[in-house]
Amino acid sequence: MVRGPFTFTVIILELVSEHVRCVFREHSSSAGCIGAGLEERPPRTGSNGFRRRRRRTLENFEMNPPPLLPLTPLLLCSAPPLLRFPLAAGGGIVGKGSRKRRFAQDRRSAERLQLQSGGGGASEARSLLSAMGSRSGEGWASAVASFRSCPTAFLSHGAGDTFVAELLQELRGERLGEQVKISMLTLLLEYPTLLCPDAKAGQEVAASLLSLFGQLGASSKQQAYFRCQLLYAMATVLVATDSFAESCQTAHEYFSLLLQLASDLNDCRGGATERPVRVAACECLRELESCYPGLLSQRLAVLRSLQHQETSPAHQGYTLLYGLALRNAILRLARRGGLGTLGELLESKEGLVWEATRELGDLSVATLEQLALLPSPGDVKDLKAVVSSLLDSSYLLSPVAQSHLLWQLAQAVSVVRTQSPAIFKAQLVRLFGTAGVALQHAVLQLKGLFTDSLFTAEDEAFLLRRLVGLAQHPALPVPVKLFHLDCLLHFPENRPLGSATEDEGLPVLLTPRTTSGLFPGLFQDQGTVLARLNLLCLVCVESEGPTAERAVGYLLEHVLTLGGLVARGGGPEATRLFFRAAFLFARYFGSRGQLMAELTQCLLGLYRQNCALAPNLIDLLDEAWKFPEEGGWAGGLAQALQGLVVGVPLQEEDLPWHLKVLARLAKEKDVPQGSTMQFLRRLVASGRLGGWGSGQVLLSVCRNLMQLRPLPAPAHLADLLQAVSLSHLDVDVRDRAQFYYTLLANLSGEKLGAVLAPGGAVKARTLSSSIVADSQSFVASLTVHPVQPAPLRLRRVGASGNRPEQAPRPEQDVEGYCQWLLEPRTPSQLSLTYQLVHMGPASPPYDLLLCVVLRFTCSDRHYEPVPELCVPCLSAARPPQTLTLTLQPRCPYPTRLGVFALYTTQEGLTRSSQLEPLEVAFPDLFMPLAVPSWSLEKRRRLFGTLWQRLHPDSNEAGAESLTTWPVAPQSLPSLVCDHFSRYVLAEQSGSYEIGMALPPQYHILLRVQSVGEAACVGIRTDNWRLLPSLNSYLQSLTETN
């Protein structure tokens, strides 16, 4: 059985896009589930987000979707519009980042507060969550729009630490409408890896959505719509973050939920209102099976039972799910073996095959031929019964769903070598007369897979005649007709004569007579004209006889007619069409001298009439010279064009175009350059050299001539350059001509070519000329040379030494001091001390680094631009330099600073190195409060007053929280002393009152008290966004201890 690859071009994708747009317009008002009736076409929706985020190999892409025409779920949906997974915005998916703060910490913090502090901790948790969920409906709509405009910038402004937690909290509330909640859910569908950077975060989000789904009831159509979106969001997050695995409890619960929803057959329990949710569950199961082929291979009997019993319009979703699971199960059985027999597979009712989640990639179409499954006759009979049943009821599905199902079943049958492909014969009889693009595509897929095992020679001839007829049918839209033309170029013959790797090839049954209706016309669009011209040229090349010759003459006449339209001022569209058509014709018939002579005369006539066509002619020659075996005619065109240019009278307005043509021809060694030199001498002698632009083009002609080997008339070329350097009006042109003259007079041919070569590497030792050596040294001195590893590094010195602001006078009262401390004023700065250490070799040229400039870049926008630091000298024989890095935070968040060093070595070269990044941790931001020299009692009253002022009821931006340290009473003093000694305001037996300031103008108060075998830490701050970072820091103290 002969089989060959069956691929299509970009035209198919354009056709699919047009077809999808038509379907969306047709069903844009539908909100129900798939297919209101068996005779109606079910609505289609957008493709699933998590499928586009699944990492697939090239083989998987070739295998699913099918190779002939990618059939994405965009055409195969069994859910209403907008119930599908949205595509990722911005052209791609943001990968897993290095963000250390996750939304789950906020919710875990709140839950920990409630558990650890009993009734008291509940108020802190409610305060935190209420602060996070303070946006209104309009605020959330604005936040979603801002996130979509630039997700990374939105998260880098501080919102990323709590954004997902706020989103999940608002989804549970009742303040927002359904439309706002759905727009919030779409962010998880489109940016799952950005909002959930790792598997743990993905599991947390999926678990929260699963809990929310369980709280919602089946009340209205809008509620069902929202529940569908929840199902899609859970699947997207689990798959995109690689969380769908056997070890994930949320994955088990989610899959059980999907099976439970899909088991409500014929709307028995939930009614018609729940039908969209059932369809969405089937879609999610099908997408999981697509992402993990073989996941449902041990539940085929259950899926078959569901598909057989379902009689509502949701039947299509169950059929597609079972078809995909059957195909993947058979391919997995054929590839792995040892998994039982085919009959056992068809009757299996076991659990999920979790091994499929650990297997990357899928089978390609080419790999199918290497698989063979030889089941027993009984198993083949069972498989035939299942496939026949699916095929007999396939007419109830939409055309696109039928195509998808046929392709899945065809792949499964192709592996079972004892099952004849004749099982599809009845479907072919039904589909041969269809006008639907998807069903025609299905027929061609079957032909590409089974060839003469299923299709006879008569079938093949009928298909070709039908494709030719549809390619010229006046009632069909242009994209559909282009699709049929492309089908003819990639038609899978039963016994092809050409190579299987050819991009385009015609069937032997296509002749000029059978394709006589496909000749291009003047009133067709550009795409149709070029596609038909390409097809007819290929037909005429592979045919012989008077009919083929007459067809070639007609094609040439059509191309020349297009040239006539250009000559009569047809505009840029006509110009582009003519030159593309001329290139296609010349590519196929470039070896026929008489035909190409007529085309050449047409091109010369157009250039003679309009010299502005020079770029088009140059582009035509460039494309022709890319195919040396087919571009012999380009040499004749080039010489004829050169003769035309050098023979026309000199006119200053046309001079730049003539020189551009000659500059391009001067690059070809096969084109004689004697006439070009005569034209240039005549031009210089006339004195009409034009301005700066014409002078630059003239020098480009000379430069290209100087790079030819052998050099054409070097003495005449030198005289020409000298004359230009003396007589041209523009000083830049004169200087450049003098430079070329100097090179030509002092360098040999090899060295001259090396100097003028574009981007060529020139070795100083091979260029003995002093001019070239000096030039290379000059270029090297102006170049910044990267050096890795860096010969220097920054080393942190000590802990954070930030000093408080100038305190007020000691006689001031506590209330006045608190008012002064909390009032707005100039933002404080952060000072960090580092040592610049020499790490390079102690030998030249890196033993002494001069004029070192350190430039800093911040990984986010929480800080003002960091000024660069300059060090005059860094020597390996001297102590390290101490530097103070001053930061101006906009928000007190940890960050990472990239460091780039620029310096000069003793040899006079400028070098650069990327240093190790600097980590600015959260405790580096702490500063002591500027407290006067008060007594202990007055400090205690100060802390109490500040504690009251930062209460959430007294301060709009205030927040409070509570956490615990598992620290024994005897260990608590050392813990506080090690980390908070500079910030302690008051101390009593087992109790500490700590106050800290954070730039630019924020404050944190800690009340630490020993309770039993633990320590309770009360927290109050005037910026609730600091709580996640502070909580992580406080918990890390006990872990390190």
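This briefing covers two open sheets and two buried residues, Glu-493 and Leu-324, in the structure above. The model is predicted. One sheet has five strands with mixed pairing, and another has three strands with antiparallel pairing. Glu-493 is buried without a salt bridge, while Leu-324 is buried within a helix.

**The five-strand sheet**

- The five strands follow the order 1-8-7-4-5 in an open sheet, and their pairing is mixed.
- Strand 1 (784-786) and strand 5 (869-875) stand at the edges, and because each has a single partner strand, one side of each is left without a neighbour in the sheet.
- From one strand to the next, the twist in this sheet averages 35°.
- Strand 4, which spans residues 848-858, pairs with strand 5 in the antiparallel sense, and six bridges connect the two.
- Leu-850 has Cys-873 of strand 5 standing opposite.

**The three-strand sheet**

- The order of strands in this open sheet is 2-3-6, with antiparallel pairing.
- Strand 2 (792-796) and strand 6 (881-887) are the edge strands, and each of them pairs on one side only.
- The twist in this sheet averages 35° from one strand to the next.
- Strand 3, made up of residues 830-838, pairs with strand 6 over seven bridges in the antiparallel sense.
- Leu-830 and Leu-887, the latter in strand 6, stand opposite each other.

**Glu-493, a buried acidic side chain**

- Glu-493 lies in the loop that runs between helix 23 (478-489) and helix 24 (526-541).
- Although Glu-493 is buried, this residue has no salt bridge, and the nearest side chain of opposite charge, that of Lys-447, is 7.6 Å away.
- The distance of 7.6 Å to Lys-447 is beyond the 4 Å within which a side-chain nitrogen and a carboxyl oxygen count as a salt bridge, so the pair does not qualify.
- The side chain of Glu-493 does reach the backbone nitrogen of Val-508, at 3.0 Å.
- Leaving aside residues up to four places away in sequence, Glu-493 touches Lys-447, Thr-451, Glu-460, Leu-506, Pro-507 and Val-508.

**Leu-324, buried in helix 15**

- Leu-324 belongs to helix 15, which covers residues 315-336.
- The relative accessible area of Leu-324 is 1%, so this residue counts as buried, the cut-off being under 20%.
- Leu-324 and Arg-286 are 38 residues apart along the chain, and their C-alpha atoms are separated by 7.2 Å.

Notes: Residues are numbered from 1 along each chain as its sequence is written. This is a predicted model: local features need pLDDT of at least 70, side-chain atom pairs count only at pLDDT 80 or more; totals for chains, interfaces and linings use all residues. Side-chain values use heavy atoms; hydrogens and water are left out. Helices (H or I, at least four residues) and strands (E, at least two) are DSSP runs, numbered from the N terminus. Buried means under 20% relative accessible area, exposed over 50%, partly exposed in between (1.4 Å probe, protein chains only). Lys and Arg count as positive and Asp and Glu as negative; His and the chain ends are not counted. A polar contact is a pair of N or O atoms within 3.5 Å; within protein, one must be able to donate a hydrogen and the other to accept it, and residues adjacent in sequence count only if both atoms are side-chain atoms. Contact means heavy atoms within 4.5 Å. Two strands pair if DSSP finds at least two bridges between them. Axes are lines fitted to C-alpha atoms, for helices over the stretch in contact, and angles run from 0 to 180 degrees between N-to-C directions.
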